[in-house]
Amino acid sequence: MSNSSSGTGTSSKPRAASSQPSETSSKRKRGVFQKELQHMMYGFGDDPNPLPESVALMEDIAVEYVTELVHKAQDIGSQRGKLSVEDFLYLIRKDLSKLNRCTELLSMNEVLKQARKVFESEEFD
Amino acid sequence: MKQSKDPFEAAFEESPPESPVETEAEADTPNPPSSSAPPLPQPQKVSATKDKDKDKDKDKDEEEEEEEDNMDVELAKLPSAGDPHKMAKMQAILSQFTEDQMSRYESFRRAGFQKANMKRLLASITGTQKISVPMTIVVSGIAKLFVGEVVETARIVMKERKESGTIRPCHLREAYRRLKLEGKVFKRSASRLFR
């Protein structure tokens, strides 16, 4: 895995420059998820201060995973035209923990939306 | 906004399915101390698997979302999926945590990918498709669980090699390789017919 061993990976825009979304996926800002990943890795069993190289590598791994996931979902969803949430749910159907977690998250999102609607409609009473 | 007394209650500010609707009706209810009986039956019961690490995978992303949107919306403090048995079990486990364990658990619950960053990443991958919020939520959840798998496998690798301390990139790479062998990492195996 030459890309991860070098540590620099793909060419990256300067981090401080702008917050514009990159056009292509080859140019990617470095350390997009650094802060959150540090907390996440600690939560999952790493040291309270993970090594920066580990965090960078983990970010690469996660981004590559998400990229593969999205590409596969696009392959599936292209038949239907747009990319939808069901494509992702279909892809992780074998992994029960992920599937359950996603259905839980989605139902929670629905509940929160309903709750917010009720709350806002009550405000104007 | 987290007026709970115990640290794990604070880390626990989960929104179980039925409670938000109830506390909404009461407008600004003061933080009820872990009311046990959820009044409304959960219409769509999500059956989360009951292993310990799956128990950890409760609404961790929800916390961050709630913290953004949770201005006046005071959600009840029921930790589990609304089931009093699960909640009692969780409370029993959590009450025996050490400081170290508690802080790690709190990090575990609260950490998550930022929606804006994930949205940007997804948009750059798919091209210019509009990314809906549920999609961001789902992908963030999947990615977080994947990170968890890699880190846990890396710890197993470290134990096998009898090393200790911080996780190093070599452990992560070995963990990633093992996950690939198990088939948990997606491979581009779509139609290799016409290469």
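Let me start with confidence in chain B, where the pLDDT, which is the predictor's confidence in each residue on a scale from 0 to 100, averages 67, and where 53% of the residues score at least 70. Within chain B the lowest confidence falls in helix α2 (residues 19-25), with a mean of 37, while α8(B) has the highest, at 91. Two stretches of chain B need care: residues 1-7 have a pLDDT below 50 and make 14 contacts in the model beyond near neighbours in sequence, and residues 9-80 also lie below 50, with 178 such contacts. A contact here means heavy atoms within 4.5 Å. Where pLDDT is low, the predicted coordinates should not be read in detail. For the model as a whole, the scores are ipTM 0.75 and pTM 0.65.

A word on conventions. This is a predicted model, in which local features need pLDDT of at least 70 and side-chain atom pairs count only at pLDDT 80 or more, whereas totals for chains, interfaces and linings use all residues. Residues are numbered from 1 along each chain as its sequence is written, chains are lettered from A and ligands numbered from 1 in the order in which they are written, and side-chain values use heavy atoms, with hydrogens and water left out.

Now the two chains. Helices and strands are DSSP runs numbered from the N terminus, with helices being H or I of at least four residues and strands being E of at least two. By that definition chain A has five helices and zero strands, and chain B has nine helices and zero strands. Buried means under 20% relative accessible area, exposed means over 50%, and partly exposed lies in between, using a 1.4 Å probe and protein chains only; on that basis 48% of the 125 residues of chain A are buried, and 49% of the 195 residues of chain B. Taking contacts between residues at least 6 apart in sequence, 20% of those in chain A join residues at least 24 apart, and for chain B the share that joins residues 24 or more positions apart is 66%.

I will turn next to α8(B) and its partners in chain A. Two packed helices are described by the angle between their axes and the distance between the axes. The axes are lines fitted to C-alpha atoms, for helices over the stretch in contact, and angles run from 0 to 180 degrees between N-to-C directions. Helix α3 (residues 52-77) of chain A packs on helix α8 (residues 133-160) of chain B at about 135 degrees, with the axes 10 Å apart. Which residues of α3(A) meet α8(B)? They are Met58(A), Ile61(A), Ala62(A), Tyr65(A), Val66(A) and Leu69(A), and their partners in α8(B) include Ile142(B), Phe146(B) and Val150(B). The residues of this contact divide into 13 nonpolar, no polar and no charged, where Ala, Val, Leu, Ile, Met, Phe, Trp, Tyr, Cys and Pro count as nonpolar, Asp, Glu, Lys and Arg as charged, and the others, Gly among them, as polar.

The axes of α5(A) and α8(B) come within 9 Å and cross at roughly 145 degrees. On the α5(A) side the contact includes Ser97(A), Lys98(A), Arg101(A) and Leu105(A), and on the α8(B) side it includes Pro134(B), Gly141(B) and Glu149(B). By class, this contact has nine nonpolar, three polar and three charged residues.

Lys98(A), found in helix α5 (residues 96-123) of chain A, deserves a pause: is Lys98(A) buried or exposed? Lys98(A) counts as buried because its relative accessibility is 1%. Lys98(A) touches Tyr65(A) and Ile92(A) as well as Ile142(B), Leu145(B), Phe146(B) and Glu149(B), leaving aside residues up to four places away in sequence.

In helix α2 (residues 34-44) of chain A, the buried residues are Glu36(A), Leu37(A), Met40(A), Met41(A), Tyr42(A), Gly43(A) and Phe44(A), and what covers them includes α3 of chain A together with α6 (99-110), α7 (115-126), α8 and α9 of chain B. Just after α2(A), Gly45(A) takes a positive phi of about 130 degrees.

Finally, the loop between α8 and α9 of chain B holds Lys162(B), whose phi is near 60 degrees, a positive value in a residue other than glycine. Lys162(B) counts as exposed because its relative accessibility is 74%. Thr166(B) lies in the loop between α8 and α9 (169-182) of chain B, and the residues that Thr166(B) touches include Asp46(A), Asp47(A), Met158(B) and His171(B).
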